[in-house]
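Welcome, and thank you for taking a look at this protein. Let us walk through it together, from the inside to the surface.

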Amino acid sequence: MVVGGSRGIGLAVAGLLAAQGAGVVVNGRDADAAEAAAKRISGVAHAGSPADPAVADALVDTCVTEFGRIDILVNCAGTAEPHGSSILDITSAQFRELLDAHLGTVFETCRAAAPKMVAHGGGAIVNTGSFAYLGDYGGTGYPAGKGGVNALTMAIAAELREHKVRANVVCPGAKTRLSTGPEYERHIAELNRRGLLDDVSAQGALDAAAPEYAAATYAYLVSDAARDVTGRIFIAAGGFVGEFARPTPGFLGFRDHHTSPPWTADELHQMISGG
């Protein structure tokens, strides 16, 4: 099941999985685009927004009805943040909509698919994150949603490891409808001017490779060859494949709370700022 499989990276993933012998349910909010994509890869279309629990349940049911089970869930759906959006001007409604489109969709599809994967002895989930969760691309709801996707996926991976269901994240870089056009180019140039994006990152964003380059990492992660790979956050951007290391706490200071008072502001300043 490929959510957001009617265009861009999702379509490239759906096509690659179908070429490797998988039966694929293609999802997209646009019914015509989903039907066209399914026809292109000889798959099955199911349109709608899986942020709606009923749509997510129906998607999984369609996969089980058509193919007997659900072994693979890939989440590629997403929507761009409004141009120029920041914490200074975004509305609460816009923020909730962005969270729903990214984190809500991932939650609902995983909620619907995971019990069925557990019931038949395993499965693979790959969710789509983004470099944007670091804040380098600005915005609010988009980076928050993608950061939530990372955290939720890590939690799913930990919880379902014993059931042989693995879960990973891919943060892709690819030329899609969300990363092309004059408005996008102006956005990247402005981020670079403000110092959020360095020159190398800005150039990479403007000269991204085709979605097929990212799709290969998704296909690997759902394959039997990756049976021991879970709970990791990968990068697939053109010819570059990387990984975000799992965060670990660094040591700043320690005192026994049984015998010592709380830290003072001056002591914390010494530890944190070194001054």
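A good place to begin is helix α8, which covers residues 211–221 and holds the buried residues Pro211, Ala214, Ala215, Thr217, Tyr218, Ala219 and Leu221. Please keep in mind that this is a predicted model.

What do the buried residues of α8 pack against? Their partners are α1 (8–19), β4 (72–75), β5 (123–128), β6 (165–173), β7 (233–237) and β8 (240–244).

**The nonpolar cores**

In soluble globular proteins, nonpolar side chains tend to be buried together. Here, the largest nonpolar core has 29 residues, and Val13, Leu17, Val74 and Tyr218 touch the most other members. At least two residues of this core come from each of α1, α2 (31–41), β4, β5, α8 and β7. The biggest contribution is that of α1, with 6 residues.

Tyr218 is worth a visit of its own. Setting aside neighbours within four places in sequence, Tyr218 is in contact with Ile9, Val13, Val74, Cys76, Val126, Thr128, Val170 and Pro172. A second core, separate from the one above, has 23 residues, including Met1, Cys63, Cys110 and Met117.

**The sheet**

In what order do the strands of the open sheet run? The 8 strands follow the order β3-β2-β1-β4-β5-β6-β7-β8, and their pairing is mixed. At the edges are β3 (44–47) and β8, each of which pairs on one side only. Further in, β5 and β6 pair in the parallel sense over 6 bridges. Val126, one of the contacts of Tyr218, has Asn168 in β6 as its bridge partner.

**Charged pairs**

Side chains of opposite charge can pair when their charged atoms come close. How many salt bridges does a search of the whole structure find? The search finds 6; among them are the pairs in this table.

| Acidic residue | Basic residue | N to O distance |
|---|---|---|
| Asp71 | Arg69 | 2.8 Å |
| Glu108 | Arg111 | 2.8 Å |
| Glu243 | Arg232 | 2.8 Å |

For the pair in the top row, Asp71 is partly exposed at a relative accessible area of 35%, and Arg69 is partly exposed too, at 37%.

Glu108 and Arg111 both sit in helix α4 (residues 92–119), 3 residues apart, which is about one turn of the helix. Is Glu108 buried or exposed? Glu108 counts as buried because its relative accessibility is 12%, and buried means under 20%. Arg111, at 32% relative accessibility, counts as partly exposed.

Turning to the last row, Glu243 belongs to strand β8 and Arg232 to the loop between α8 and β7, so this pair ties together parts that are 11 residues apart in sequence. Glu243 is partly exposed, with a relative accessible area of 37%, and Arg232 is partly exposed at 34%. There is also a network: salt bridges that share partners join Asp57, Glu108 and Arg111.

**A nonpolar patch on the surface**

Our walk ends on the outside. Which residues make the nonpolar surface patch of about 380 Å²? They are Leu252, Trp263, Leu268 and Ile272. Of these, Leu268 has its place in helix α9 (residues 265–273). Leu268 is partly exposed, with a relative accessible area of 33%; patch residues need over 30%, so Leu268 meets that cut-off.

Technical notes: Residues are numbered from 1 along each chain as its sequence is written. This is a predicted model: local features need pLDDT of at least 70, side-chain atom pairs count only at pLDDT 80 or more; totals for chains, interfaces and linings use all residues. Side-chain values use heavy atoms; hydrogens and water are left out. Buried means under 20% relative accessible area, exposed over 50%, partly exposed in between (1.4 Å probe, protein chains only). Helices (H or I, at least four residues) and strands (E, at least two) are DSSP runs, numbered from the N terminus. Contact means heavy atoms within 4.5 Å. A nonpolar core is a set of buried Ala, Val, Leu, Ile, Met, Phe, Trp, Tyr and Cys residues joined through side-chain atoms within 4.5 Å. Patches are made of residues with over 30% relative accessible area and no salt bridge: like charges are joined within 9 Å, nonpolar side chains (Val, Leu, Ile, Met, Phe, Trp, Tyr) within 5 Å. Accessible areas come from the Shrake-Rupley method with a 1.4 Å probe; for residues, only the protein chains shown count as cover. A salt bridge is a side-chain nitrogen of Lys or Arg within 4 Å of a carboxyl oxygen of Asp or Glu. Two strands pair if DSSP finds at least two bridges between them.
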